[in-house]
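Here are some notes from going through this one, jotted down point by point. Have the viewer open while you read.

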Amino acid sequence: MFDAIFLQFLNGLDKGGAYALIALGLTLVFGTLGVVNFAHGALFMLGAFCSVLFRQLITMESVTLDPTQLSPWGAPLEVRAPMVQAWFGDFGAVLVDYSVPFSILLTIPVMLVIGISLERGIIKHFYKRPHAEQILVTFGLAIVAQEIIKSIFGANPIPQPMPESVQGATDIGAFLGMQANVITYPTWRLIYFLFSGAVIGGVFAFLQFTTFGMVVRAGMADRETVGLLGINIDKRFTIMFGLAAVVAGMAGVMYTPLLPPNYHMGMDFLVLSFVVVVVGGMGSLPGAVAAGFLLGIVQSFASMTQVKDIVPGIDQVIIYLVAVVILLVRPRGLLGRRGVMEA
């Protein structure tokens, strides 16, 4: 029984990592710009398709003729191989095998440009508009992004293989000094959890220990005073929007081996991530992370067969039930600030 509970806990951390990463970007945007961004799930989806595009590019084949191998008619046989493998040899083969993590190198600049362009081109015009209008315009942007991806890559999911070396499971029980092969867990899911923790830690360290981050935090608390000090806080907030897009994009990239990318995957995560943000407290970065892992763990335990036998379908609604209970007890969320979204 202990091993089943421990595995569900790990599943919860895995799901919670995805929820927390998306919710973190949402909270960064709301905390800095005051914008309720319903296009954030689309940024998660675009990041996933950056991984798809990267793999398609590096697996383009070159065709050569091998005179040492002949067809039954005596003609040299065609040899097909990825172009990067033909160019770079063994490193090309490694690049193809590890295409998912390597695709982050493409995703970061692409998502940064998309995020900054989105903020400068459209979002900035809605800063002082009602939240309902912000939701409508960003939701419309998400639908446009979906349709563009659908027209380019099609409607069917596109599987992304994880590196061959991490396709198995890790014996966590043996690592913890328990009996071998009792508690094993998919290695890539562990990598995703560690990746989530590293990105979340990096964002908090950036905001806490860098001058740029300190100015941003001051601007989140009192934008007008920071502006009066001669600091271009709008420019810094624009960069933060770009960074939020990068965080969402990287979360999408690393999730592709677990969920084959499709054009509507952003919407699937968007609703859950907004629940996470509201439960954690609008504008609270620690609240978004805490709520993400909390709801991920709760959902994981609710998906156990023993629980579903007692309450069928509970795994589909448990997150919303927990959200209702928390908001009844704490209307501002777990770590929400007074006055946020109360006007």
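1. Start with helix α9 (residues 187-209) and helix α10 (residues 211-221): their axes come within 5 Å and cross at roughly 85°. That crossing makes α9 roughly perpendicular to α10. Keep in mind that this is a predicted model.

2. Who touches whom at that corner? On the α9 side you'll find Phe206, Leu207, Gln208 and Phe209, and they meet Thr211, Phe212, Gly213, Met214, Val216 and Arg217 of α10. By residue class, the contact of α9 with α10 splits into six nonpolar, three polar and one charged.

3. Now follow α9 to another partner, helix α12 (residues 233-255). Here the axes are 10 Å apart and the packing angle is about 170°. Angles over 145 degrees count as roughly antiparallel, and α9 and α12 are therefore roughly antiparallel to each other.

4. The residue list for that pair is worth clicking through. α9 brings Trp188, Ile191, Tyr192, Phe195, Val199, Val203, Phe206 and Leu207, while α12 brings Met240, Leu243, Val247, Met250, Ala251, Met254 and Tyr255. What does the contact of α9 with α12 divide into, by nonpolar, polar and charged? The tally is 15 nonpolar, no polar and no charged. Note that Phe206 and Leu207 of α9 turn up here and also in the contact with α10.

5. On to charges: the structure holds three salt bridges. One of them pairs Arg189 with Asp14, with the closest N and O atoms 2.2 Å apart. Arg189 sits in helix α9 and Asp14 in helix α1 (residues 2-33), so this pair ties together parts that are 175 residues apart in sequence.

6. Last stop, the surface. Val271, Val317, Tyr320 and Leu321 form a nonpolar patch there, and together they have about 330 Å² of accessible area. Which helix gives the most to the nonpolar patch? That would be helix α16 (residues 314-329), with three residues. Tyr320, for one, has its place in α16.

7. To pull the α9 threads together: this helix is roughly perpendicular to α10, roughly antiparallel to α12, and carries Arg189, whose salt-bridge partner Asp14 lies in α1.

Key
Residues are numbered from 1 along each chain as its sequence is written. This is a predicted model: local features need pLDDT of at least 70, side-chain atom pairs count only at pLDDT 80 or more; totals for chains, interfaces and linings use all residues. Side-chain values use heavy atoms; hydrogens and water are left out. Axes are lines fitted to C-alpha atoms, for helices over the stretch in contact, and angles run from 0 to 180 degrees between N-to-C directions. Helices (H or I, at least four residues) and strands (E, at least two) are DSSP runs, numbered from the N terminus. Angles under 35 degrees count as roughly parallel, over 145 as roughly antiparallel, 65 to 115 as roughly perpendicular and the rest as oblique. Contact means heavy atoms within 4.5 Å. Ala, Val, Leu, Ile, Met, Phe, Trp, Tyr, Cys and Pro count as nonpolar, Asp, Glu, Lys and Arg as charged, and the others, Gly among them, as polar. Patches are made of residues with over 30% relative accessible area and no salt bridge: like charges are joined within 9 Å, nonpolar side chains (Val, Leu, Ile, Met, Phe, Trp, Tyr) within 5 Å. Accessible areas come from the Shrake-Rupley method with a 1.4 Å probe; for residues, only the protein chains shown count as cover. A salt bridge is a side-chain nitrogen of Lys or Arg within 4 Å of a carboxyl oxygen of Asp or Glu.
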